[in-house]
Amino acid sequence: MSAPSGRASAGEPSGFAPLAELQALERDHAIATYVRNPVQFVRGSACRLWDEDGNEYLDFLAGISVLNVGHCHPRVVAAVREQAGLLTHVTNLYYTGPAMRLSAALARGSLGGKVFLCNSGAEANEAAIKLARRARPRGRIVVLRDAFHGRTYGALSATPQESKQAPFAPLVPGFDVVAKDPSALDAAVGEDTAAVLLEPIQGETGIHPVSEELLAAARAACDRTGAALIFDEIQTGMGRTGTLWAYQQTGVVPDALTTAKALGGGLPIGALVTGPRLADVLGAGDHGSTFAGGPLVCRAALEALEICSDPQLLAGVRTLGERLREGLRELPFVAAVRGRGLMVGFDLVEGLAAGDLAQRALLEQRLIVNATGPATIRLEPPLVVTAAEIDEALHRLGELVR
Ligand SMILES: *Cc1c(COP(=O)(O)O)cnc(C)c1O
């Protein structure tokens, strides 16, 4: 008969547990922090995913900008397979090649300072906050309205969203929230500011690029006071906007940046990368993590970083992003289109609900998109997406509203 639950191999989808069985397990045993769509994915390749019945889906979310290299990129798969048979973990009490090589590649490929490896985006921001406070003891952290920096206590305290913060008060003290306005930001930064932390494009709250004026004001305020300018590039980085890092398309270079999501090519890893000025602020014993920088995830990240650094791929991201935004503007139910490269958001005309549209896209058109707000849809396909796949996604979206 069928293979045991979950044991079927790729291309042999008949052995997977039925969705209803998973939903029963979830109801009884999984803490209910997620609202899942009623689909079970069992296999992926580049921009495609397959469910347990063998239905094929076009993935325009990439695991929330994690699979920038596409699902199961052959280079990532080969590196992980090899490393899994060699060595997966030894802690940071010892040297392993992948961690040191990844630190060097990240520093050389961005701000030129030093790197702290960790396991997620929130952890990367925790490290950044600790770095800033170590550099300026008891200093305050300035964040922007509508920011998202993660769910752990430090990162949550930097995420000024009532629904996410209020149930978990009291938060970490010392965070100031400013409007996305150059003079408001300038006024909020003083001698007691340790850092200004911001996303160059606010991702979780609807793909809102931060204006050049605001970025320049943040840089100037930090230069004036000695505060650290830290870019959260967890979603914007790894080629998502058409350069390896989003800051490279602005006139502003931060003092440090955080990365995660796509860094591991699908595996969990994060990093804090500093410029030269902050490279030696944290010292022995100041921070640490058991799993951080393990050889398995670092091998995957080395491949992902090299793939996402390819100038030809990055040029493609810019032109394909333009094609996607142009196509969206032609859809009659799209009110506004925003973004850079393949980090794209669009608002729906009144009367359409984004959550409903995203679920219908999934179930009726087998197109994976994400609602980031009541009227906003986010599109972040793998960077290896083709022009034909962009056109196909636009066609499927068009089919939803007629
Ligand atoms: C996803 C995200 C985070 C949090 O990353 P996790 O890995 O979920 O902890 C932080 N900041 C930004 C901008 C993000 O997009």
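Modeller: Welcome! Let's begin with a term: a salt bridge is a side-chain nitrogen of Lys or Arg within 4 Å of a carboxyl oxygen of Asp or Glu. Please keep in mind that this is a predicted model.

Biologist: Thanks! How many salt bridges does a search of the whole structure find?
Modeller: The cut-off for a pair is 4 Å between the side-chain nitrogen and the carboxyl oxygen. Searching the whole structure with that rule gives a count of 22.

Biologist: Which residue forms a salt bridge with Arg219, with the closest N and O atoms 2.9 Å apart?
Modeller: Look along helix 9, which spans residues 212-225. The partner sits four residues from Arg219 in that helix, so about one helical turn separates the two. The closest N and O atoms are 2.9 Å apart, and the partner is Asp223.

Biologist: Is Arg219 buried or exposed?
Modeller: Its salt-bridge partner Asp223 has a relative accessible area of 53% and is exposed. For Arg219 the relative accessible area is 15%. Buried means under 20%, so Arg219 is buried.

Biologist: How far apart are the closest N and O atoms in the salt bridge of Asp255 with Arg219?
Modeller: This pair links distant parts of the chain, with the two positions 36 residues apart. Asp255 lies in the loop between strand 10 (228-232) and strand 11 (256-259), while Arg219 belongs to helix 9. Asp255 counts as buried, at 11% relative accessibility. The closest N and O atoms of Asp255 and Arg219 are separated by 3.0 Å.

Biologist: Which residue is linked with Arg219, Asp223 and Asp255 in a network of salt bridges?
Modeller: Arg219 pairs with Asp223, and Asp255 pairs with Arg219. The network that holds these three residues also includes Arg277.

Biologist: Glu399 forms a salt bridge too; which residue is its partner, with the closest N and O atoms 2.9 Å apart?
Modeller: Glu399 counts as partly exposed, at 27% relative accessibility. Its partner counts as exposed, at 78%. With the closest N and O atoms 2.9 Å apart, that partner is Arg402.

Biologist: On to the ligand: which helix gives the largest share of the shell around it?
Modeller: The ligand has 13 residues around it, and those that come nearest are Gly121, Ala122, Asp232, Gln235 and Lys261. By class, the shell holds three nonpolar, six polar and four charged residues. The largest share, three residues, comes from the stretch 121-135, which is helix 5.

Biologist: What percentage of the ligand's accessible area does the protein cover?
Modeller: Asp232 places a polar side-chain atom 2.7 Å from a ligand nitrogen. Gln235 does so at 2.7 Å from a ligand oxygen, and a backbone N or O atom of Gly121 lies 2.8 Å from an oxygen of the ligand. On its own the ligand has 380 Å² of accessible area, and the covered part is 80%.

Biologist: How many disulfides does a search of the whole structure find?
Modeller: A disulfide is a covalent bond between the sulfur atoms of two cysteines. The search asks for a pair of cysteine sulfur atoms within 2.5 Å. Across the whole structure, the number found is zero.

Biologist: Which cysteine has the sulfur nearest to that of Cys298?
Modeller: Cys298 is in no disulfide. It counts as buried, at 0% relative accessibility. The nearest cysteine sulfur is 10 Å away and belongs to Cys118.

Biologist: The backbone nitrogen of which residue lies 3.1 Å from a polar atom of the Ser211 side chain?
Modeller: Ser211 is found in the loop between strand 9 (208-209) and helix 9. At 31% relative accessibility, Ser211 counts as partly exposed. The backbone nitrogen lying 3.1 Å from its polar side-chain atom is that of Leu214.

Biologist: Last one: how far apart in space are Leu93 and Thr290, C-alpha to C-alpha?
Modeller: Leu93 sits in the loop between helix 3 (74-84) and helix 4 (97-108). With 69% relative accessibility, Leu93 counts as exposed. Leu93 and Thr290 are 197 residues apart in sequence, and their C-alpha atoms are separated by 9.5 Å.

Definitions and conventions: Residues numbered from 1 in each chain as written. Predicted model: local features only at pLDDT ≥ 70, side-chain atom pairs only at ≥ 80, totals over all residues. Heavy atoms only, no water. Near = heavy atom within 4 Å. Polar contact = N/O pair within 3.5 Å; in protein donor to acceptor, adjacent residues only side chain to side chain. Areas by Shrake-Rupley, 256 points an atom, 1.4 Å probe, with all protein chains shown as cover. Nonpolar A, V, L, I, M, F, W, Y, C, P; charged D, E, K, R; others polar. Buried < 20%, exposed > 50% of the residue type's maximum accessible area, 1.4 Å probe, protein only.
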